[in-house]
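Here are some short exercises to work through with the coordinates open. Try each one before you read the solution.

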Amino acid sequence: MMGFMDLFRRKAEPNENRAAAQGYTADLIAARHEWLSGRSDVAELTATVQSCVSLWESGFTLADVKGTDLLDRRALAMLARALALRGEAVFLIRDRLVACTDWDMRTRNGEPTAYRVSVGEIGGGRSETALAAEVLHVRIGASMVTPWAGTAPLHRASLSAGLLQEVETALREVWRNAPIGSQIIPLPDSSAEDMAGLRASFRGARGQALIVEGVAQAVAAGMHPGLEKRVENLTPDLQRAMTAETLEAARGAICAAYGILPAWLNPATTGPAIRECQRQLATWTLQPLAELVAEEATVKLGTRVSIDVHRALQSFDAGGSARALAGIMQALATAKEAGLPHSTVAAAFKALDWSEAKG
C-alpha cells in the first residue's frame, strides 16, 4: 500500500524510446567505417546515379501542384533529390517549408509523434523540437521493421551500386596508372650514357618512359639476342576483361533501380523508345511518388493537395489517344450506315471502358 510520504516522491518517468533516421551524421559515420574497412561505397558519385537523380529532380520540379503554395519548385527539387539519395525527406512546416539535415523521432504504433530536427544554417546548424503535425515527412522503400524510415534505391540495390563503383574505380586506376602507349623496343647495345639519354628522350607527357631492351640485357636474361625481336606493347587489354559489357550491365541495373529503362542510355535508341522510357518513368515511378507526397501534404497541411507529373512531362500516350478517337469515329460512321438507333449506339459506348482510350 502507498504510504503518506509516497505522495511527495517524484514518480519515475516511463522510458522514452527514440529511433534515429538515416541522417547526415549516420551516413557520415557509415562512410567513415566503410573507408576504414576498405570499401568506400561512393556509387552516388557516378554519372549514372547523378543522371537518375537529375531526372527525378527535374520531373518533380515541373510537376503541377494544386491546393497549396508551400510546395514550390525549389522545395520539390530538394525533396526529389533527398528521396533519390536518402530515401526520405523531412521539412518543417512554417511560413514556408524548411529543409532538415538530420532528425530523430518518437513513434507510437510505428508512426512518428514528435521530432527533434536539425536545420542547417550558414553559421552552424540549430536544433528544434516539433510535433508530427508540424513536420512534412516523406519516405519511400519503408520496411515493416522500420516503417518510420525510408531507404534509397542505392541501399536497396547495394550489390549493383557496388559493382558500378568498382568498375568505374578500376577504369579510373587503369587510365591513371597503367602504362598506356608504352612499348618495349629492342635496340642494339650502346654505352650506358647513350642508353640513358635514349630512355630519357622517350619519356612521354604522362611520365611513362618507353623501355629499350639491349642485346646485353637480353643475353643476361637468358634469351637469344636475335630471337623474336619485335616491339612489345604494354597497354593493358581491357577488351578481354569485358569492362564495356560489365559497365553497361551495372549502369542498366542502376537505371532500373531508379525506375528508368536502360534503353534510355543506349546510343542507338530512337525517338519512340525515348518517349516510352519517359512514359515509363512518369507513370510507374514519379507519379506514385508524387501521390505519396500529396497524401502526406494533405494530412499535414489540412487541405487537399494534388501533384501531377504527366501533363508537365507530356508522358501521356498521344498516339494511343489519336488511334482511339479514330476508332470511335469509324464506329459511329459504321453504326450510322447500318441504321442503328442512337440509343443503341449510346448504350454500347457507355458499356465500354474508356480508361485505355483516354491514355
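**Exercise 1. The hairpin of S5 and S6**

How many residues lie between S5 and S6 in the hairpin they form, and which residue in the turn has a positive phi?

Solution. Keep in mind that this is a predicted model.

- Start with the pairing: S5 and S6 run antiparallel and share seven bridges.
- Pick out individual bridges next. Asp104 is partnered with Arg116 of S6, and Asp102 with Ser118 of S6.
- Now the turn: two residues sit between the strands, and Asn109 is the one there with a positive phi of about 60°.
- Is that worth a second look? Most residues other than glycine have a negative phi. Asn109 has a positive one although it is not a glycine.
- Finally, place the residue: Asn109 belongs to the loop between S5 (102-108) and S6 (111-119). Its relative accessible area is 76%, so Asn109 counts as exposed.

**Exercise 2. On to the next strand**

Work out how S6 carries on into S7, and find the glycine in the turn.

Solution.

- S6 also pairs with S7 (residues 126-131), antiparallel again, over six bridges.
- Ser118 makes a handy link: Asp102 has Ser118 as its bridge partner in S6, and Ser118 in turn has Ser127 as its partner in S7.
- S6 and S7 form a hairpin with six residues between them, and Gly124 in that turn has a positive phi of about 120°.

**Exercise 3. Another positive phi**

Is Met242 buried, partly exposed or exposed?

Solution.

- Check the backbone: phi of Met242 is near 55°, a positive value in a residue other than glycine.
- Locate it: Met242 is in the loop between strand S11 (232-233) and helix H8 (243-257).
- Use the area: at 46% relative accessible area, Met242 is partly exposed, because that class covers values between 20% and 50%.

**Exercise 4. Two cysteines**

Why is there no disulfide between Cys52 and Cys255?

Solution.

- Run the search over the whole structure, and zero disulfides turn up.
- Take Cys52: the nearest cysteine sulfur belongs to Cys255 and is 4.0 Å away.
- Apply the cut-off: a disulfide needs the two sulfur atoms within 2.5 Å, so a pair at 4.0 Å does not count.
- Check the surroundings: Cys52 counts as buried at 2% relative accessibility, and Cys255 counts as buried at 2% too.

**Exercise 5. The aromatic pair**

Which rings form the one aromatic pair, and what is its geometry?

Solution.

- A whole-structure search gives one aromatic pair.
- The ring centres of Trp56 and Tyr258 are 5.4 Å apart and the planes meet at 80°, so this pair is edge-to-face.
- Trp56 is in helix H2 (residues 47-61) and Tyr258 is in the loop between H8 and helix H9 (271-301), so the pair ties together parts 202 residues apart in sequence.
- As for exposure, both Trp56 and Tyr258 are buried.

**Exercise 6. Leu289 and helix H3**

Find what Leu289 touches, then describe helix H3.

Solution.

- Leu289 is a residue of helix H9, and at 10% relative accessibility it counts as buried.
- Leaving out residues up to four places away in sequence, Leu289 touches Trp56, Phe60 and Ile140.
- Its C-alpha is separated by 9.2 Å from that of Leu83, and the two residues are 206 apart along the chain.
- Leu83 is one of the buried residues of H3, which also include Leu76 and Leu79.
- H3 (residues 73-85) has 13 residues and reaches 18 Å from first C-alpha to last, close to the 18 Å expected.
- After H3 comes Gly87, with a positive phi near 85°.

**Exercise 7. How far to trust it**

Judge the confidence before you reuse the coordinates.

Solution.

- The chain averages a pLDDT of 80, and 71% of the residues score at least 70.
- Residues 34-40 fall below 50, with six contacts beyond near neighbours in sequence.
- Residues 354-359 are also below 50, with eight such contacts.
- Where pLDDT is low, the predicted coordinates should not be read in detail.
- For the overall tally, the chain has 12 helices and 12 strands, and 30% of its 359 residues count as buried.

Key
Residues are numbered from 1 along each chain as its sequence is written. This is a predicted model: local features need pLDDT of at least 70, side-chain atom pairs count only at pLDDT 80 or more; totals for chains, interfaces and linings use all residues. Side-chain values use heavy atoms; hydrogens and water are left out. Helices (H or I, at least four residues) and strands (E, at least two) are DSSP runs, numbered from the N terminus. Buried means under 20% relative accessible area, exposed over 50%, partly exposed in between (1.4 Å probe, protein chains only). The expected span of a helix is 1.5 Å times one less than its number of residues. pLDDT is the predictor's confidence in each residue, from 0 to 100. Contact means heavy atoms within 4.5 Å. Rings of Phe, Tyr and Trp (its six-membered ring) pair if their centres lie within 6.5 Å; planes under 30 degrees apart count as stacked, over 60 as edge-to-face and the rest as tilted. Two strands pair if DSSP finds at least two bridges between them.
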